[in-house]
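Me: Could you take a close look at one part of this model for me? I'd like a single connected walk through it, starting from one strand and following its contacts outward.

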Amino acid sequence: MAWSQAEVRELKEGRYLLIDEEPCRIISIQMSKPGKHGEAKARIDAVGLFDGSKRSVVYPVKHKVQIPMIGRKQAQVLSLTDAEVQLMDLETYETFSLAIEPALKGTLTPGTEVQYLDTMGKRRITKP
């Protein structure tokens with residue numbers, strides 16, 4: 001299980017939640033007041049961690065949502081090619097390859113350490 005549950009009213013800006021099975025960082029939350037026959041609703045705007053697309057959802061404040069378990073880990077760069085980088089996790093010594101994002105081209109060199117996100121079976125380099 002790579003996620004936990006929380007109610008919408010417990011969420012805050014800057015935290016994470018799953019929208020359409022994609023881990024997202026919350027940008028803003030707007031709560032409405034309850035109506036005559038309804039309950040309060042929350043509009044959540046979020047950005048996907050891996051695809052960068054913006055998503056918006058509206059839920060009742062008592063609705064349960066999934067919160068992804070996000071691991072921030074350190075890895076060492078083993079080798080580089082034009083399209084991907086090979087990394088070794090510094091805790092488990094596992095080696096894996098990731099595609100190089102355009103913003104990171106030219107900043108990675110073999111032997112340096114980087115920080116990466118690991119959640120829901122996906123990985124992404126965050127700090128070179």
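**Strand E2 and its surroundings**

Reply: Let's start with strand E2, residues 16-19, in this predicted model. Its side chains alternate: Tyr16 and Leu18 point one way, Leu17 and Ile19 the other, and all of them are buried.

Next comes the partner. E2 runs antiparallel to strand E3 (residues 22-31), and four bridges join the two. Across that pairing, Ile19 stands opposite Glu22. The two strands make a hairpin with two residues between them, and Asp20 in the turn has a positive phi of about 55 degrees.

Zooming out, the hairpin belongs to an open sheet of four strands, ordered E2-E3-E4-E5, with antiparallel pairing. E2 and strand E5 (54-60) are the edges, each pairing on one side only. On average, neighbouring strands here are turned by 45 degrees against each other, direction ignored.

Now back to Glu22, the residue facing Ile19. Glu22 forms a salt bridge with Lys122, with the closest N and O atoms 2.9 Å apart. That pair links distant parts of the chain: Lys122 sits in strand E11 (residues 122-127), Glu22 in strand E3, and they are 100 residues apart. Glu22 is buried at 7% relative accessible area, whereas Lys122 is partly exposed at 33%.

The count comes to nine salt bridges. Among them is Asp118 with Lys73, at 3.3 Å from N to O. Asp118 lies in strand E10 (residues 113-119) and Lys73 in strand E7 (residues 71-80), so this pair ties together parts 45 residues apart in sequence. Asp118 also meets Arg123 in a salt bridge, at 3.8 Å. Salt bridges with shared partners join Lys73, Glu94, Asp118 and Arg123 into one network.

Conventions. Residues are numbered from 1 along each chain as its sequence is written. This is a predicted model: local features need pLDDT of at least 70, side-chain atom pairs count only at pLDDT 80 or more; totals for chains, interfaces and linings use all residues. Side-chain values use heavy atoms; hydrogens and water are left out. Buried means under 20% relative accessible area, exposed over 50%, partly exposed in between (1.4 Å probe, protein chains only). Two strands pair if DSSP finds at least two bridges between them. Axes are lines fitted to C-alpha atoms, for helices over the stretch in contact, and angles run from 0 to 180 degrees between N-to-C directions. A salt bridge is a side-chain nitrogen of Lys or Arg within 4 Å of a carboxyl oxygen of Asp or Glu.
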